Amino acid sequence: MAAVRVEEVLAAADEQEAEKRRSVTVEKELELEFDLGNLLALDRNPPPAAGLRGAGPRREALLRALARDNAQLLVARLWELPAERAGGAGGPLVAQLPEPTFRLPREKPPPRPRPPTRWEQFARLKGIRRRKKTSLVWDEQAKEWRRRWGYQRAGGDPARAWVAEVPEGADPEEDQFARLRREKRERVARNELNRLRNLARAHRAAATIPAAPLHPTGHQSREELGHVARVARVSTASLGRFQPRLPKEPAEPPSRSGGRKRRFEPLLGNLAAERSRQLEMLRDMGSKKPVLDITRAVNKQLRQEEAEAAAAKGKKKQSQRGKRGRRQQRVGRSGKKSGARRQQQRPASSSTGGGKRKKA
Amino acid sequence: MRPLTEAETRSVFEKLGKYIGENIQLLVDRPDGTYCFRLHRDRVYYISEKLLKVAASVPRDNLVSLGTCFGKFTKTQKFRLSVTALDFLAPYAKFKVWVKPGSEQSFLYGNHVLKSGLGRITENTAQYQGVVVYSMADIPLGFGVAAKSTQECRKVDPMAIVVFHQADVGEYVRNEDTLT
């Protein structure tokens, strides 16, 4: 019995060994291609055709098994690389990867060529081409070849120039050295200004191209924000037609040409349609007028109260003054307060002096 | 020459509405033909369809005027009504002012209408309402803006302005060169 048990134990142990090795060994028809620099393994074996069709857990299991096998092969290759202990004796084991051979595509798009500067445009127009200049110039004074500009240049150091002739027609009192320095400063400043302008032009040309992400808050320009807001408005299913607007945002009709050129209706288009559109606009304009003009109603009310108060005061004074007083009262009353408050007087409320007006 | 855009049409109708109110419909929708507004060199012209088709064949630089000029758009896109529109405003005017014979000439020279020259005024004229000015013989002389409402006109002193002058038929002689 013991022998049988021993055999069984050995068989079980063999079985376990084979199992372990099976998990580590993978058999493939075609060898995989490896790019260990990128940790890349390319499997060109044809996939099991029947299994991958159709969804379901079986497909999942097949794919998982495929991935496991390929990963096993890759890791086995990685273990064959020369390795060392990083950070001394107790550190992790690190493999030294070879140079990558697989060329990955670009992460970001290639840079756009910058637009030509004003001078470049002009030169292209006129057909002016660059003339290659020699790097050394013959200096007559020093009788040798000197560089064109810079250290030990051909014309001598301009800072050490000890004479500056007064040109004809110039003010004799003017300081020529100061003039030369000032002109040089102006030239430099103009050059710098033009350089910055060209840069700004290129930047603006680049900024008009859409789909540029926002700069972080604080670095955003007004145009950028406006542009992005416009793009965001149009990026809805109805192309921005039903987006609510902020209180002061102006209503923009959609421009089909993308805001480049204004387009008008044709001259002799459908005249009946034009007429109907205008009538509809008139109807809208007419309907928007408020039926009850609040200010007029309020003014009317105020005037009424004023008139009543004035009438009461007048009656009191009349009873004191008599007939002459009443006449004096009437003449004195002129429309001094006429203005915003009294827009329209009711005929009965005020004493209409003089029948000069005929009501039309 | 081109049709008016929606914003331009709106401003033109608003201006016209100040003088003739809702009677603009009668201008837009006429029984005796299709009339439309066209813009040429910042001026708005009211023209029949027949004439428009003929005018369309004239080159833009050579075209001076067509139909009736109602007014022009200023540089800041405000619409300014001109006297040449008087023939269309006068029959449909809502608020009218009649001027005495003595001060007709003053108005035709471009002055405002004073209370002393005021003959009649439509009842219920609000202040700053667009009005058409007539002579006592019911001949349209021009148009303007009421400086005072009808009730105020009654109480104000004789030298006060009651109608601000905007356009008058004397401009046909005074501004002969610039009218199109």
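**Figure 1. Chain A in outline, in a predicted model.** Contact here means heavy atoms within 4.5 Å of each other. In chain A of this predicted model, residues 24 or more positions apart account for 37% of the contacts with a separation of 6 or more. The chain has 9 helices and 6 strands, and of its 360 residues 11% count as buried.

**Figure 2. The surroundings of W149(A) in a loop of chain A.** W149(A) belongs to the loop that runs between β6 (144-147) and α5 (176-207) of chain A. Its relative accessibility is 66%, and because exposed means over 50%, this tryptophan counts as exposed. V137(A) lies 12 residues away from W149(A) in sequence, and the C-alpha atoms of the two are 9.4 Å apart in space.

**Figure 3. Aromatic pairs, with a close-up of Y19(B) and F143(B).** Over all chains, a search of the whole structure finds 12 aromatic pairs. In the pair formed by Y19(B) and F143(B), the ring centres are 5.1 Å apart and the planes stand at 65 degrees, so the arrangement is edge-to-face. This pair links distant parts of the chain, since Y19(B) belongs to helix α1 (residues 6-20) of chain B and F143(B) to strand β10 (residues 140-146) of chain B, 124 residues apart. Both Y19(B) and F143(B) are buried. Elsewhere, ring pairs link F13(B), Y35(B), F37(B), Y46(B), F70(B) and F88(B) into a cluster.

**Figure 4. Two arginines that sit over aromatic rings.** The charged end of R2(B) is placed over the ring of F264(A), at 3.9 Å from the ring centre, so that a residue of chain B is set against one of chain A in this view. Within chain B, R120(B) lies over the face of W98(B), and here the distance to the ring centre is 4.2 Å.

**Figure 5. The largest nonpolar core and the contacts of F13(B).** In soluble globular proteins, nonpolar side chains tend to be buried together. The largest nonpolar core of this model holds 33 residues, of which F13(B) and F70(B) touch the most other members. Helix α1(B) contributes the largest share of this core, 5 residues. Domain 1 (2-88) and domain 2 (95-175) of chain B both give residues to the core, so it lies between them. When neighbours within four places in sequence are left aside, F13(B) is in contact with Q278(A), M281(A), L282(A) and M285(A) of chain A, and also with I24(B), V28(B) and F37(B) of chain B. A second, separate core has 16 residues, among them F95(B), V113(B), I121(B) and V162(B).

**Figure 6. Strand β9(B) and the setting of S135(B).** S135(B) lies in strand β9 of chain B, which spans residues 130-135. With a relative accessibility of 3%, S135(B) counts as buried, because the limit for buried is under 20%. Apart from neighbours within four places in sequence, the contacts of S135(B) are W98(B), V99(B), E104(B) and L141(B). The strand as a whole has 6 of its 6 residues buried, so β9(B) is largely enclosed by the rest of the structure. From this strand G130(B), V132(B) and Y134(B) point one way, while V131(B), V133(B) and S135(B) point the other way, and all of them are buried.

**Figure 7. The partners of β9(B) within an open sheet of chain B.** The open sheet has 6 strands in the order β7-β11-β10-β9-β6-β8 (chain B), and its pairing is mixed. Its edge strands are β7 (113-114) and β8 (118-121) of chain B, each of which pairs on one side only. Strand β6 (residues 96-99) of chain B runs parallel to β9(B) and is joined to it by 4 bridges, with W98(B) having Y134(B) as its bridge partner in β9(B). The pairing of β9(B) with β10(B) is antiparallel and extends over 5 bridges. In this pairing Y134(B) stands opposite P140(B), and the bridge partner of V133(B) in β10(B) is G142(B). β9(B) and β10(B) form a hairpin with 4 residues between them, and in the turn D138(B) has a positive phi of about 60 degrees.

Definitions and conventions:
Residues numbered from 1 in each chain as written. Chains lettered and ligands numbered in written order. Predicted model: local features only at pLDDT ≥ 70, side-chain atom pairs only at ≥ 80, totals over all residues. Heavy atoms only, no water. Helix = DSSP H or I, 4+ residues; strand = E, 2+ residues; numbered from the N terminus. Buried < 20%, exposed > 50% of the residue type's maximum accessible area, 1.4 Å probe, protein only. Phe/Tyr/Trp six-rings, centres within 6.5 Å; stacked < 30°, edge-to-face > 60°. Lys NZ or Arg CZ within 6 Å of the ring centre and 35° of its normal. Core = buried A, V, L, I, M, F, W, Y, C linked by side-chain atoms within 4.5 Å. Domains from an automatic or database assignment. Pairing = 2+ DSSP bridges.
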